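Student: I want to know what the words for helices, pockets and cavities rest on. Can we take them one by one?

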Amino acid sequence: MTGPGRSTGSSDHLLGLALGSAYVALLVCTSSEIGMSRDEGFYAASAERYARWFAALVDDRASAFHKDFIDQIWSTNSEHPPLMKSLFALLYLAQQRWGLFGQDGLCYRFGGMLTAGLSLWLLYIFGVRAFGRAAGLFAALGFAFIPRIFYHAHLAAFDVPIVLMITWAVYAYWRSLKKRRWALMTGIAFAAALATKHNSWILPGIFAIHFAWTAAVELRRRGRDGRKRLSLLPWWLPSMALVGPALSLWSWPWLWTETGPRLLAYARFHLQHVYYNIAYFGVNYFQPPFPISYPWVLTLFTVPATLLLLSAAGMASRARAVKDELRSAVAGRDGYERLQVDPRQTDLLLLGGLLAPLVMISLPSTPIFGGTKHWLTAYPFLALFAGAGFARLLQVARQRLPRSAYPPAQVLSAFLLLSPSLAETAHSHRFGLSHYTVAAGGVPGAADLGMNRQFWGFTTGSLVDFFNQNLPEGGTIWLCDTTWKSWQMLVRDGLLSPDIHPVGDIARADYAIVHHEHHFAEVDFQIWTLYGTVQPAHVLLYDGVPIVSVYRNPASRRAGRRREERE
């Protein structure tokens, strides 16, 4: 039973396109306020190398397909699939030729932003078909304004793109259960997911479990009334087994030669991934076993409470609908005729999409160093259930309110229920990985609980004004967790003076910064010893919580000379 779902028309797709376009525009306008993260620097450097291969496809096709040239180019960052980095490379070529973007950093990030916008479009259409237009609209907006989603949607990385690809694959599989032509699209979407990130490996398991249950229920119903509601042939399976791997291999030149060994090396890299640290309730975890509660508590602490409550309400209302449907199945044919039966078991599929990533991260052996980004793929399905909860709320309102009062009640309800997410997302901007919700006591409460404050070193981007003012004639900085490539992007984008340079020795730096993470506590002590002071020259705060401390080297002759003093 799918509730008030409906078919979609051109007006729905126009609205979905408008939602996605507006979101991309918002991301573009706010991008320069977020410093480039560690991983983005690596992916941007890889994209610039890959751009040479795409240029060779046009200028020297023979060399582009030569093994030595392919190995030279595609060996860079070969532990990650190519789809998004290839898009970043094409955007880089476009930037070089036409200067489409005001900043180089934005040219790389724009590909990820596009996938965020497409995710809203897809979520809206999925929600409309599953639960109705109000549910689809609420799901898309609710997803867009989850603070961690908003942060990651800015980045030249893979975490929001894989959200799009997995949601697309689930949607295509769901459609294929009634329309066979969607089976091919399921394979194509699976190929795109495989070529984006290894999270895609979980999709066949979700679909297999769901289809087995769906087929069992269909057989039982046919045994009672003889009616055929959907095919028991899994047309999606050969498409995923053949089209998916074939297209994903085709998209990755690195695997065109020595396919077996290189594919095994890629799988081994992720199955035996190196462990990095993450702080959780005051414990800095470097190696397994990791806490089973981690993804569940972090979801509670980082997703706005209204969205979580509506999602729970949506799941509860859908559970009651499924329970009624099962009772009707036991009752016999008359029960079928009284209810609109959902042969595709939509609720079970969405529940699988929601729970599978969280369960995988809950395994004690699964690394947790990436925080919420490792299970962002669960959030579209969380948002769809929230949309179902919102639709149920409107259904109750329609039954109890006068007809004239219902339209304004719809708008007011949506505004009130989305406002907390909008407010939290706006407040989280620039500090997306440091933001925590009221469930954690906000940012100060999370700091008191010993939760992770940040990673990737991106918050250095919030210090450019300080460094430009205090090193007007240039100088040196020790960067802590910020990579050289990410620092250089601040220079390339015109945000930071090119005369200010990073150095690898704290003692030689004019300034040294410390990103406040548990494993950098020793850096504070090193600086205090070398500089002879415990007093920072500047502290970057978020809700009163230190995020980055900046120390001035007293031996420096340049540090502290503000531009206005020089002038």
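Student: What covers the buried residues of α12?

Tutor: Keep in mind that this is a predicted model. The cover includes α9 (159-176), α10 (182-194) and α11 (203-225).

Student: Which residues of α12 are called buried, and what makes them so?

Tutor: They are Trp236, Ser239, Met240, Gly244 and Ser248. Buried means under 20% relative accessible area, so each of these five falls under that cut-off.

Student: Why would buried residues in a helix be spaced like that?

Tutor: An α-helix has 3.6 residues a turn, so residues three or four places apart point the same way. Now read the numbers of Ser239, Met240, Gly244 and Ser248 again, all from the buried set of α12.

Student: How do you know what span to expect for α12?

Tutor: Helix α12 covers residues 236-250, which is 15 residues. The expected span is 1.5 Å times one less than that number, so 21 Å is expected. The model reaches 20 Å from the first C-alpha to the last, close to the expected value.

Student: Where is the kink in α12, and what makes it one?

Tutor: The kink lies at Val243, shortly before the proline Pro245. Axes are fitted to the seven residues ending at Val243 and the seven starting there, and the angle between them is about 25°.

Student: What makes a space a cavity or a pocket?

Tutor: In a cavity, a 1.4 Å probe fits but cannot get out, whereas a pocket is open. The structure holds 4 cavities of 30 Å³ or more. The largest cavity has about 100 Å³, and the second largest about 60 Å³. The largest pocket holds about 1200 Å³.

Student: What lines the largest cavity?

Tutor: It has 13 lining residues, with Ser31, Ile34, Gly105, Arg109 and Asp493 nearest its centre. The largest share, 3 residues, comes from α6.

Student: Why does Gly371, in the lining of the second largest cavity, count as polar?

Tutor: The classes put Gly among the polar residues, so Gly371 counts there. That lining divides into 6 nonpolar, 4 polar and 2 charged residues.

Student: Which residues lie nearest the centre of the largest pocket?

Tutor: They are His198, His273, Phe369, Lys373 and His374, out of 42 lining residues. Lys counts as charged, so Lys373 belongs to that class. The whole pocket lining has 19 nonpolar, 15 polar and 8 charged residues. Helix α2 gives the most to it, with 4 residues.

Note on methods
Residues numbered from 1 in each chain as written. Predicted model: local features only at pLDDT ≥ 70, side-chain atom pairs only at ≥ 80, totals over all residues. Heavy atoms only, no water. 1 Å grid on protein atoms, 1.4 Å probe; cavity = no way out; pocket = protein on both sides within 12 Å on 5 of 7 lines; lining within 4 Å. Points joined across faces, edges and corners; volume = space filled by probe spheres on them. Helix = DSSP H or I, 4+ residues; strand = E, 2+ residues; numbered from the N terminus. Buried < 20%, exposed > 50% of the residue type's maximum accessible area, 1.4 Å probe, protein only. Contact = heavy atoms within 4.5 Å.
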